[in-house]
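Thanks for coming. I have one structure to go through this morning, and I will keep it short. Please have a look at the model first.

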Amino acid sequence: MSHFFLNKRLIILLISIIILVSLIGFSLKDKENITRPEQFVKDVVGFGQSLISIPAQGVANFFGNIHDLQNTYTENKKLKARLEGLATLEKEISDLKRDNEELRNVLNKTENLRDYDAIQATVISRAPDRWFEKITINKGSKSGVKTNMAVTTAKGLVGKVVSTSPMTATVELLSSDNKKNRVAAEIQGDEDVFGLIDGYDKEKKMLIMKDIVIDQEIKKGQNVVTSGLGGVFPKTLDIGKVKEVEVDRFGLTQIAYIEPSADFYGFEHVLVIVRTMDTIEETTKEGE
């Protein structure tokens, strides 16, 4: 009798397991049609999830955008700093190239002076309100610079020394308004024509050469150099070229407008011209 009940229990247990497995399998299958209660529960749960997920997603996106903006701002700052650094570097390179070119030209000019010695100097100051009048250079009496010495750039004559200190010197430019700043000059040609550089026309940006004999022929484009007369400027320093010629208001002499070879506005390196004759005289005095 006990065996019968035991077998009966085993049979019931097996049947229950079979039914449970069947129900599990049935529940795991995708249903095309679900009951209304299931639909209701599913809709309620889905609506609740949407109410929660939309704001949560918005908040997540908001903070994500802020993070992206911070990253973009940081990257932009870095890029801007790099660009500013590049701009500074490009300017430094440009200045160095200009300095090197100007110095090379100055050195070449020194070799061509032949009968003159030259003291290389650099412009250290220039007053904004007197930009076209005077400059200060970094060589003075200790370097052999004296008043009335001619000063040139690699392109041509720019002025003369008017005062010195042991370490610096002041140079008056040919473009100044000083009427006493005259240069004895000559126009080169088949017959040399002499006159004086006596003034600067700021509107035309040309030097004015006066006291030219009325009957001498002058052509546009002729070279103008220092004549060496007067004892201040040595001979054959480049001044410029003839651009225009006219008769003075009295009809007695001619006036020539000279386009200067040198640029009076922008230069940094100059040569102070020491005449060989002056050097010889100094050597003679020292020997005595």
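**Strand S11 and its neighbours**

Let me start with a pairing: strands S10, residues 238-247, and S11 run antiparallel and are joined by seven bridges. Keep in mind that this is a predicted model. Within that pairing, Val245 stands opposite Ala256 of S11. S10 and S11 make a hairpin, with five residues between the two strands. In the turn sits Gly251, with a positive phi of about 75 degrees.

Now the other pairing. Strand S8, residues 206-213, is also antiparallel to S11, and five bridges join the two. Here Leu207 has Ile258 in S11 as its bridge partner.

How many residues of S11 are buried? Of the eight residues in this strand, 253-260, six are buried, so to speak of it as mostly covered is fair under the cut-off of under 20% relative accessible area. For the protein chain as a whole, buried residues come to 27% of 288.

A few totals to finish. The protein chain has 12 strands and three helices. Taking contacts between residues at least 6 apart in sequence, 57% join residues at least 24 apart. The exposed area of the protein chain is about 19,900 Å², and carbon and sulfur atoms supply 57% of that area.

To recap the strand I began with: S11 pairs with S10 through seven bridges and with S8 through five. That is what I had; I will take comments now.

Technical notes: Residues numbered from 1 in each chain as written. Predicted model: local features only at pLDDT ≥ 70, side-chain atom pairs only at ≥ 80, totals over all residues. Heavy atoms only, no water. Helix = DSSP H or I, 4+ residues; strand = E, 2+ residues; numbered from the N terminus. Buried < 20%, exposed > 50% of the residue type's maximum accessible area, 1.4 Å probe, protein only. Contact = heavy atoms within 4.5 Å. Areas by Shrake-Rupley, 256 points an atom, 1.4 Å probe, with all protein chains shown as cover. Pairing = 2+ DSSP bridges.
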